[in-house]
Structures are given as structure tokens and as C-alpha cells.
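Q: Please take a close look at one part of this structure. Then work outward from there, and explain each term as you go.

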Amino acid sequence: SIFLVNLLTRVLNIFRSLILIKASNRMIVALRGMVFNRIQMLSVSRISKRTAGELINRVNNDSSRIQSFFTNELGGMIEQLLILIAVSVILFIYDWRLALFILLPTPVVMIFYRLFRRIMHRMYDVQWRVGSQANTILHDIFSGIRVVKAFGMEHREMARYDEATRNERDIRIRNETFYACFNPFVGFLLGFGEFALLYYVGNKVVGGTMTLGEMSQFSAYVSIIYGPLLWLSNFPRRLVWTMTSIVKVFDIIDEDIDVKDAPDAKDIEIKGEVELEGVSFGYDNTANVLRNINLKIKPGEFIGLVGRSGVGKSTLINLIMRLYDPDEGVIRIDGIDEKEISQKSLRSQIGVVLQETFLFAGTVYDNIAYAKPSATRDEVITASKLAGAHQFIMKMPDAYNTRVGERGHTLSGGERQRIAIARALLHNPRILILDEATSALDTETEKQIQDALRILSKDRTTIAIAHRLSTLRNATRLVVLDKGTIAEVGTHDELIQKKGIYYNLVMAQRQMSKMK
């Protein structure tokens, strides 16, 4: 029987391990997917409140810790609880007084953990935050490694990261020191029942009311029951550490989605009419960046947004793309409130070239085709030619299969921008948004792209921001923003004749050109 039970136990352990392997891997994929998808659904404003290192920590480390707890610790807890309950029942049947002696310290230990629960939560919360800060610093250093090297700041960054890791080390040592002092005391309390047991059983043996065999039998049960008790005494520590991760994960999952589709959101085919009526918006409930904006853009119009830095030009296009919702007013696309259109439908018909060009680590072809994964190679090449990118791409070692590295660091600023323009053109959008799309280009290349954009903008609504006012000469209308409001609207010639804000900006740029 002993042989068969031993064999059965080992076979069951094999099956348990196999099941746990499958369950844990499925769980980690599901958890990470759930957290990542939720982050993707959050608005830009909510995501920007957290650092990249913090978000990565929640997706990777916290989900791994939760997965480990549920697939390993939780099973062990159930096992130890079953052993504790079963042996306790046997002891109570045998001698309820002895059973009480053994289990008497347990409520005291639970009270101790209850009293120290908040302290333990706070300790691990601080440890989590410091660890996230170290991850953030590391992420920033690797992301900006060219800037670090350009300014010769390697030693400074090493010192900054060392300081963060030392800070994390000190907090970990402090937390572990607390447990190193706390756990032996808890173990002593649990062992107090054993001292009472020896006294009680010893008197019975000396008095002749209990045999040595019965004492050995009872001691065996005691040794069995103390295993689960000692295991469970360490369980709160694992639980608190896991609860910290659960809180951080559910902090993301329970986050309100401030930019979300309406229950009856619909997919539409955009023609290109954009209307802003009484639109006001401010970041973080501060002073409004835009105030009472009223603007109607007809399909096929080329609108240039002009104004000094910080007047709200990029904010305006972000609202049109519905990266944010206005605090007041309404934005309509083809006469339909933007909130009634599904975000997928809206953005699938808007092409964007942002001021900060971002390329993914991969090939040139993959970066251009990102906007339209189903595009043919001919479509990708056509978009590249229109963007003035095909010529320099073909000079690369592997042409379109050349890998550009993280953020496209192997390319010049102008090359990255032309690939970004090609990506937007491949999207074949009904509304084309250009945020300083030609700022990093030389004059000759800029003229090529401007000619291509002039042809493309005939069939689509184009909204462009440019500090080089000469690039907006062919715009249907120019919208001049000042102090968060629309100050002037008109063609280039009309605004020059008006001699207002736009006129002063043009004259200032001409003066700068003469000085150069």
C-alpha cells in the first residue's frame, strides 16, 4: 500500500506539473493581453500621466507575479489548508483539549498580521514604485542613447541609474529586515502551543494515563499540523506582495475610458467635411488651450493652421482625430457628431504625419505598410515615390528590406519624415493631417513633396500645420490662432493685405531669411 500510494503520488505530481505549465502560460498571456488592451483603450491624456517604465512594469512584472501566485501559491495554500483541517479534526476527535493547546496561538498570530497589514502594504507599494522608477530611467536611457552619447553623459546616466538601483536595494533590505525580525517572533508564538503540549502530554505519561506509543502518535499529528501552520504564517507576505501587483493591475483595468465609443457608434464613409462648433478644451482642468473655436472645413479644402508656438494648433488636430474629447462644444464629421462615429472607422480614414516622427524597429517596407497591412508592394512603392522617399530607399543596402533600427535611428530626420509621409499616403485617407510634415526636409525635397501633396489634396480634406509659412501659400484658407482663439481666416493674399497677425509672422520670417 505504501509503495502504491507513493507511486500514485508521483504520477499525480507529474500531471499536476503539466496542468500548471499549461494553465500558467495561458494565464500570463491572458493577463498581459487584458492589461495591454486596456492601456490601448485609454486616452492619450491618461496614458501620458504614467511613465513608460511604470506601464511596462504593470504589463510584464505585475502580471507575472499574479500568474505565479494563482498557479503556484494558491494551490499550495489549498493543499496546506486541507491538511490543517483534516489533522485538526483528527486531533479534536482524539483529545479536544490537546487540539486547543496546539491551535491556541493561531488567532493571536492572525491578529498580529491584521495589525501590521497596512504597514506591509505600504512597504511593498514603496518598493513597487521605486522599482518602476528604475525601469523608467533605464527605458529613457536606452530610448535616448544617441542624445546621451552626443553630450557625453554616459557616466552621468550610469550614476543616475546606480542611484535608482541603490535606492531600490535599500528599500528591499529594509523590507526584508522587517520580515527577518517579524517572522521568527510569529514562529515562536506558533511554537508556544508545542511547549504547552509537552507539558500536558508529559504529565499524562508520568501519571500513567497515556502510553509512550500514544504520545508518539500524537506527536506525529502535531508535527504534521505545524507544517501547514508555519507555511501559512509566511503566506501573508506572499499575499501582500501579490496584492500590491493586483492593485496596480486593476488600477489600469478600472481606469475610466474618457474617450470611448457610444453604444450605438456607427461606421461611416467619410467625405471630408469637418465642423467645429463652440469647441473649448484644456489639459488637466487647467486654463483652456482652445476657447470657443468655430470653424467649418469643406470636403477637399486645404486648410493651413498658423500661429505662434503654444497657441493650440496641435491640440486642434488632436481633437479632430479624437485623441481627446472637447470640454465644451461639438466636432462634426460630415454633419455627424464625432462621438457617434466609431473610433476605428474615424481613424481608418484619417492619415497623419505628426511633428515627432516615429518609426518602429523593423524594415522600411514594414514601416510604410503599417498603415495598410494588406497593401501590395506596388502600392507601397507608389506611396514612397509620391513622398519623395523611393530614391533614397533604393540606395540602401537592402532597399525596402533594410532594417531601420529602433525609432529609425539609422536614418536622417528628413528620411524618417519622408517614410512617415509615405505611410500616411498609403493609408489613402479622406482627411490628411500634416503637423510640420516638411520641417526636416531640404528645400528641393520639400518642393517635391509639396507638389505631390498639391495633387493628393485635390480629392481629400487636408489640414496642415507649418512654421514655414511659405509652405502654406497654396492653402485654400489659412486659419490664424492666437491665445486659444481664431484670430484671422482667409487666403494668403487676403491676410497679407489685412496686415494683422499673419502679416507680422510673414514679415518676421522674411527678416530672418535676410539675416541668414
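A: Serine 342 sits in the loop that runs between β5 (336-337) and α10 (343-347). Helices are DSSP runs of H or I with at least four residues, strands are DSSP runs of E with at least two, and both are numbered from the N terminus. This is a predicted model, in which local features need pLDDT of at least 70, side-chain atom pairs count only at pLDDT 80 or more, and totals for chains, interfaces and linings use all residues. Residues are numbered from 1 along each chain as its sequence is written, and side-chain values use heavy atoms, leaving out hydrogens and water.

Is serine 342 buried or exposed? Serine 342 has a relative accessible area of 8%, so it is buried. Buried means under 20% relative accessible area, exposed means over 50%, and partly exposed lies in between, with a 1.4 Å probe and protein chains only. Not counting residues up to four places away in sequence, serine 342 touches Asp261, Ala265, Lys266 and Asp267. Contact here means heavy atoms within 4.5 Å.

The chain as a whole gives the setting. The chain has 516 residues, and 43% of them are buried. Its secondary structure comes to 17 helices and 10 strands. Of the contacts between residues at least 6 apart in sequence, 75% join residues at least 24 apart.

Another loop residue is arginine 322, found between α9 (313-320) and β4 (328-333). Arginine 322 is buried because its relative accessible area is 1%. Its phi is positive, about 60°, although arginine 322 is not a glycine. The helix before this residue, α9, is mostly covered, with seven of its eight residues buried. Those buried residues are Lys313, Thr315, Leu316, Ile317, Asn318, Leu319 and Ile320.

Positive phi values occur elsewhere too. Asparagine 292, in strand β2 (residues 290-297), has a phi near 50°, again a positive value in a residue other than glycine. Asparagine 428, just after α14, takes a positive phi of about 50°. Helix α14 (residues 413-426) has 14 residues, which should span 20 Å at 1.5 Å a residue, and its end C-alpha atoms are 20 Å apart, in agreement. The expected span of a helix is 1.5 Å times one less than its number of residues. Of the 14 residues in α14, 13 are buried, so this helix is largely enclosed by the rest of the structure.

Helix α8 (residues 212-253) has 42 residues, and from its first C-alpha to its last it reaches 60 Å, close to the 62 Å expected. What happens at asparagine 234? There α8 bends by about 30°, and proline 236 follows within four residues. The bend at a residue is the angle between axes fitted to the seven residues ending there and the seven starting there. Tyrosine 226 is also in α8. With a relative accessible area of 8%, tyrosine 226 is buried. Tyrosine 226 and isoleucine 102 are 124 residues apart in sequence, yet their C-alpha atoms are 8.7 Å apart in space.

Isoleucine 102 is one of the α4 residues that meet α3: Leu84, Ser88, Leu91, Phe92 and Tyr94 in α3 meet Trp96, Ala99, Leu100, Ile102 and Leu103 in α4. By class, this contact has nine nonpolar residues, one polar and no charged ones. Ala, Val, Leu, Ile, Met, Phe, Trp, Tyr, Cys and Pro count as nonpolar, Asp, Glu, Lys and Arg as charged, and the others, Gly among them, as polar. The axes of α3 (residues 52-94) and α4 (residues 96-103) come within 6 Å and cross at roughly 140°. Axes are lines fitted to C-alpha atoms, for helices over the stretch in contact, and angles run from 0 to 180 degrees between N-to-C directions. The two helices are therefore oblique to each other. Angles under 35 degrees count as roughly parallel, over 145 as roughly antiparallel, 65 to 115 as roughly perpendicular, and the rest as oblique.

Leucine 98 is in α4 as well. Its relative accessible area is 0%, so leucine 98 is buried. Leucine 98 touches Leu197, Tyr200, Val201, Met210 and Phe218, not counting residues up to four places away in sequence. One of these, tyrosine 200, is 102 residues from leucine 98 in sequence and 7.7 Å away in space, C-alpha to C-alpha.
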